Amino acid sequence: VFQGRILARRLVGQETRYEVEVKTPYRHRFPLVPREYVWVPNTCGCPPLREGGEYLLMARRHVNYERTLNRILLQDDGYARPWTPREARLVREAARHC
């Protein structure tokens with residue numbers, strides 16, 4: 001879970017790749033660098049992430065069977081909400097209990 005700002009969007013094959021500036025990592029099981037690519041396995045614009053917008057994203061690391069692909073994937077059941085101070089407060093409160 002991290003707060004990020006969308007810098008760019010690009011369609012790559014049947015997927016969408018977002019370049020994201022990681023602003024605040026809240027909970028992560030793998031290291032995040034200041035700029036990451038977040039992949040969405042569709043090109044329909046779901047979830048609707050606009051360039052320049054800030055979001056609270058819950059994504060997972062995806063490593064394929066051959067271990068040749070290692071990326072951050074925002075799946076259909078992932079979480080992408082516009083960032084608000086309320087979202088930040090809820091994440092901090094949840095972190096105390098987890």
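**View 1. The whole protein chain matches the globule rule for its length.** A compact globule of 98 residues would have a radius of gyration near 13 Å, and the protein chain has 13 Å, so the two agree. That radius is taken over C-alpha atoms, and the globule rule is 2.2 Å times the number of residues to the power 0.38. This is a predicted model: local features need pLDDT of at least 70, side-chain atom pairs count only at pLDDT 80 or more, and totals for chains, interfaces and linings use all residues. Residues are numbered from 1 along each chain as its sequence is written, and side-chain values use heavy atoms, with hydrogens and water left out. Along its principal axes, the C-alpha trace spans about 40 × 30 × 25 Å. About 6,600 Å² of the protein chain is exposed, with 50% of that supplied by carbon and sulfur atoms (Shrake-Rupley method, 1.4 Å probe; for residues, only the protein chains shown count as cover).

**View 2. Here are the strands and the helix, in order.** The protein chain has 1 helix and 7 strands (DSSP runs, H or I of at least four residues for helices and E of at least two for strands, numbered from the N terminus). From the N terminus on, the order reads β-β-β-β-β-β-β-α. Strand S6 (residues 70–73) pairs with S3 in the parallel sense over 2 bridges; strands count as paired if DSSP finds at least two bridges between them. In this view, Trp-39 stands opposite Leu-73 in S6. S6 also runs antiparallel to strand S5 (residues 60–63), joined by 4 bridges, and there Arg-61 sits opposite Ile-72.

**View 3. Now for the largest nonpolar core.** This core holds 13 residues, and Val-20, Leu-49 and Leu-57 have the most contacts inside it. A nonpolar core is a set of buried Ala, Val, Leu, Ile, Met, Phe, Trp, Tyr and Cys residues joined through side-chain atoms within 4.5 Å. Strands S1 (2–12), S2 (15–25), S3 (35–40) and S4 (54–58) each give two or more residues to this core, with the largest share, 3 residues, coming from S2. Zoom in on Leu-57: leaving aside neighbours within four places in sequence, Leu-57 is in contact (heavy atoms within 4.5 Å) with Val-1, Phe-2, Val-20, Leu-49, Leu-74, Tyr-79 and Ala-80. Across the protein chain, 31% of the 98 residues count as buried, where buried means under 20% relative accessible area, exposed over 50%, and partly exposed in between (1.4 Å probe, protein chains only).

**View 4. Arg-5 and Glu-21 form a salt bridge between two strands.** The closest N and O atoms of this pair are 2.7 Å apart. Arg-5 lies in strand S1 and Glu-21 in strand S2, so the pair ties together parts that are 16 residues apart in sequence. Arg-5 is partly exposed at 27% relative accessibility, and Glu-21 is partly exposed at 24%. A search of the whole structure finds 5 salt bridges, each a side-chain nitrogen of Lys or Arg within 4 Å of a carboxyl oxygen of Asp or Glu.

**View 5. Two more salt bridges start from strand S2 residues.** Glu-19 pairs up with Arg-35, with the closest N and O atoms 3.5 Å apart. Those partners link S2 to S3, 16 residues apart. Glu-19 is partly exposed at 22% relative accessibility, whereas Arg-35 is exposed at 51%. Lys-23 forms a salt bridge with Glu-54, the closest N and O atoms being 3.6 Å apart. This pair links S2 to S4, 31 residues apart.
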